[in-house]
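Trainee: I'd like a close look at the charged pairs in this structure, please. Take me through them slowly, and then through the parts of the fold that help me place them.

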Amino acid sequence: MINPGFIVLIKREVMRFLALWKQTIMPGLISSALYIIVFGEALGHRIGPMEGISYISYIIPGLTMMSVINMAYQNSSSSIMQAKFLKFIEDILIAPLSGFEISMAFTIGGMFRGVINGILILLLSKLLVPEFTISNYGLTLIYLITVSWAFSALGVIIGIYARSWDQIGSFTTFVFMPLSMLGGVFWSVNMLPGIWKTISLFNPIYWMINGMRHATIGSVTEASINSSPTLSLILSFAFTIIFSFIASYMFEKGYKIKS
Amino acid sequence: MTEISVKIRKLRKIYDGKVEALKGINLDIPKGSFFGLLGPNGAGKTTAIGIMTGLVNITSGSVEVMGHDVIKDYKKSRRLIGLSPQELNFDVFFPIKDVLALNAGYYGLSNKDAYERADIMLEKFGLTEKAKNTARELSGGMKRRVQIAKALVHDPEVLILDEPTAGVDIELRHMLWDYLKEINNNGKTIILTTHYIEEAEALCNEVAIINDGEIIKQDAPANLINMLGNNKIMVRINTKNKSPDLSPFDYKVEDNLVEFSTKDPSRDLPKIISKLNENSIDILEINTSKSSLEEVFVKLTNNKL
């Protein structure tokens with residue numbers, strides 16, 4: 001039977017970001033809209049179509065993933081950091097909840113923020129770029145959920161580990177930004193010279209963006225030699241499981257949160 | 001035999017493999033008692049509480065709450081405990097009513113029950129008007145009340161209060177005392193740590209004194225005072241009889257003042273009076289001075305508070 005306290009903690013996490021929607025939902029929408037307008041509309045016409053699809057449509061899946069990753073990560077990491085900082089994490093630690101339940105509640109809370117952001121960005125994109133269509137809704141949702149889940153779980157890990165807000169922020173700057181940018185948000189990895197193309201294959205975010213591109217704009221990327229939709233899906237699930245496992249292990253052991 | 005609510009056996013805690021905060025303590029806290037855990041700073045009180053509640057990992061030994069092991073059976077043991085930590089800690093994202101309801105929810109109460117309990121707590125602690133405020137917007141005294149309300153919202157059998165009246169004004173302190181006595185009278189076990197020994201003396205029917213990771217004494221405050229305290233009966237007499245023999249009492253004479261040391265002044269006073277009468281000594285004035293728990297505490301721990 002599911003522990004009702006676990007559901008309450010998920011509810012708390014979701015209520016928190018919904019109450020702060022101006023800080024938790026709006027920024028992702030605004031930055032995505034700006035990217036679409038600046039890169040897609042203004043520069044896109046000069047860049048021309050990518051792999052047979054208009055540049056503006058081509059970047060939407062990547063922009064969505066970039067925002068989803070950021071939002072999911074930020075939600076759980078900052079929620080835990082706040083709880084640590086103000087010590088009310090103790091209220092949660094002394095409750096009859098297992099480490100697994102606590103870590104999953106924080107992860108699922110962040111997952112919801114990622115998915116809601118992703119859906120809103122896709123809707124906004126449709127509004128700004130009418131030609132953009134989603135070929136497989138089910139698969140798109142699966143990517144939104146798994147990728148949000150994976151990076152929300154990573155947020156839990158970093159949230160527990162971090163001693164300061166700066167550490168949480170620097171993870172975004174030093175890890176997510178470069179991996180997203182180099183993961184082919186704005187171009188096809190096929191455009192990179194040999195060695196860089198190979199290096200890109202080791203970037204998990206590349207596979208997640210590719211998977212999302214496959215789910216949304218469909219057949220185009222399938223033609224590309226470096227994109228296996230199956231591998232994208234496997235990797236998204238694999239990271240979801242690995243990060244979830246580490247996060248709950250940390251809570252079970254009380255790593256850095258219990259003395 | 002009295003039922004035990006918290007049973008601690010050979011409990012040890014070593015931090016980082018170096019500092020031994022608890023050196024294998026044994027402690028039985030009777031069900032329904034108002035139990036004081038007293039000790040100087042760094043004695044191990046908060047560590048012991050942390051282990052009972054799951055905030056501190058155990059090194060060795062065991063703790064049971066109403067028969068449930070705090071490690072193996074933690075979901076059951078934690079449901080029975082409410083903790084009000086020394087340091088105020090609030091979820092500042094929500095109004096205090098929601099914070100209370102969320103806390104009740106973590107313990108498995110349904111949404112409806114949780115809000116009902118939250119309302120009861122707000123009323124009990126005179127916070128109903130502040131229900132929609134966040135903890136940040138409240139005064140220090142109100143925050144402390146919310147802190148204790150949080151610990152009580154899921155109606156625990158064992159309430160643990162770590163320094164509940166630190167920084168609280170006298171009026172609120174007495175209000176809290178009355179309320180805590182009421183809860184205790186309703187059968188709940190209360191475990192209290194405090195720096196105000198007079199608080200323990202006023203509230204607790206049993207205290208354990210902990211020092212340097214060890215329990216050095218456990219008894220009712222009155223017994224501790226009788227056993228270890230130094231109570232005095234001072235009798236001013238007329239000075240005709242210079243050297244009265246007042247054995248077997250422990251006494252000393254200085255001018256016309258006889259000072260008796262006794263463990264139990266109420267028992268010894270009548271005997272002393274008759275002894276003086278036997279020696280035909282006229283009594284001019286009698287004064288008694290009773291030791292406080294604080295003196296006992298200082299004596300036992302060699303520590304100032």
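Mentor: Happy to. A salt bridge here is a side-chain nitrogen of Lys or Arg within 4 Å of a carboxyl oxygen of Asp or Glu. Keep in mind that we are looking at a predicted model. Its scores are ipTM 0.89 and pTM 0.88. For chain B the mean pLDDT is 88, with 97% of the residues at 70 or more.

Over all chains, the whole structure contains 16 salt bridges. Let's begin with one between A:D91 and B:K150, whose closest N and O atoms are 2.8 Å apart. A:D91 sits in helix α5 (residues 89–93) of chain A and B:K150 in helix α5 (residues 140–152) of chain B, so this pair joins two chains. What about burial? A:D91 has a relative accessible area of 7%, so A:D91 is buried. B:K150 is buried too, at 5%.

Now move to a pair within chain B. The side chains of B:K188 and B:E157 meet in a salt bridge, at 3.5 Å from N to O. B:K188 belongs to the loop between α6 (170–185) and β8 (189–193) of chain B, and B:E157 to the loop between α5 and β7 (158–162) of chain B, so the salt bridge ties together parts that are 31 residues apart in sequence. B:K188 is buried, with a relative accessible area of 14%, whereas B:E157 is partly exposed at 26%.

There is also a network: salt bridges that share partners join A:R12, A:E13 and B:D91. Within this network, A:E13 bridges to A:R12 with the closest N and O atoms 2.6 Å apart. A:E13 is buried, with a relative accessible area of 0%. At 1%, A:R12 counts as buried as well.

For contrast, look at B:D69. Which side chain of opposite charge is nearest to B:D69? B:K72 is the nearest, at 4.1 Å. Because a salt bridge has to be within 4 Å, B:D69 is left without one although it is buried. The side chain of B:D69 does reach backbone, though: the nitrogen of B:I71 is 2.8 Å away, and that of B:K72 is 2.9 Å away. Not counting residues up to four places away in sequence, B:D69 touches B:S62, B:V63, B:E64, B:Y74 and B:S77.

To place B:D69 in the fold, find strand β5 (residues 68–69) of chain B, which holds it. In chain B, four strands make an open antiparallel sheet in the order β2-β1-β4-β5. β2 (19–30) and β5 of chain B are the edge strands, each pairing on one side only. The partner of β5(B) is strand β4 (residues 60–65) of chain B, joined to it in the antiparallel sense by two bridges. Across that pairing, B:V65 stands opposite B:H68.

Another stretch of chain B worth finding is strand β11 (residues 231–237). β11(B) is antiparallel to strand β13 (residues 257–262) of chain B, with six bridges between them, and B:R236 stands opposite B:L257 there. With strand β14 (residues 283–289) of chain B, β11(B) again pairs in the antiparallel sense over six bridges, and B:I233 faces B:T288 across that pairing. In a regular strand, side chains alternate between the two faces of the sheet. In β11(B), B:N231, B:I233, B:V235 and B:I237 make up the covered face, while B:K232, B:M234 and B:R236 make up the uncovered one.

Finally, here are two small residues, one from each chain. B:A200 lies in helix α7 (residues 197–203) of chain B and is buried, at 0% relative accessibility. Leaving aside neighbours within four places in sequence, B:A200 is in contact with B:L38, B:L192, B:T194, B:V207 and B:L293. A:S78 is found in helix α4 (residues 55–85) of chain A. It is buried, with a relative accessible area of 18%, and beyond neighbours within four places in sequence it contacts A:R16 and A:W165.

Note on methods
Residues are numbered from 1 along each chain as its sequence is written. Chains are lettered from A and ligands numbered from 1 in the order in which they are written. This is a predicted model: local features need pLDDT of at least 70, side-chain atom pairs count only at pLDDT 80 or more; totals for chains, interfaces and linings use all residues. Side-chain values use heavy atoms; hydrogens and water are left out. Buried means under 20% relative accessible area, exposed over 50%, partly exposed in between (1.4 Å probe, protein chains only). Two strands pair if DSSP finds at least two bridges between them. Lys and Arg count as positive and Asp and Glu as negative; His and the chain ends are not counted. A polar contact is a pair of N or O atoms within 3.5 Å; within protein, one must be able to donate a hydrogen and the other to accept it, and residues adjacent in sequence count only if both atoms are side-chain atoms. Contact means heavy atoms within 4.5 Å. pLDDT is the predictor's confidence in each residue, from 0 to 100.
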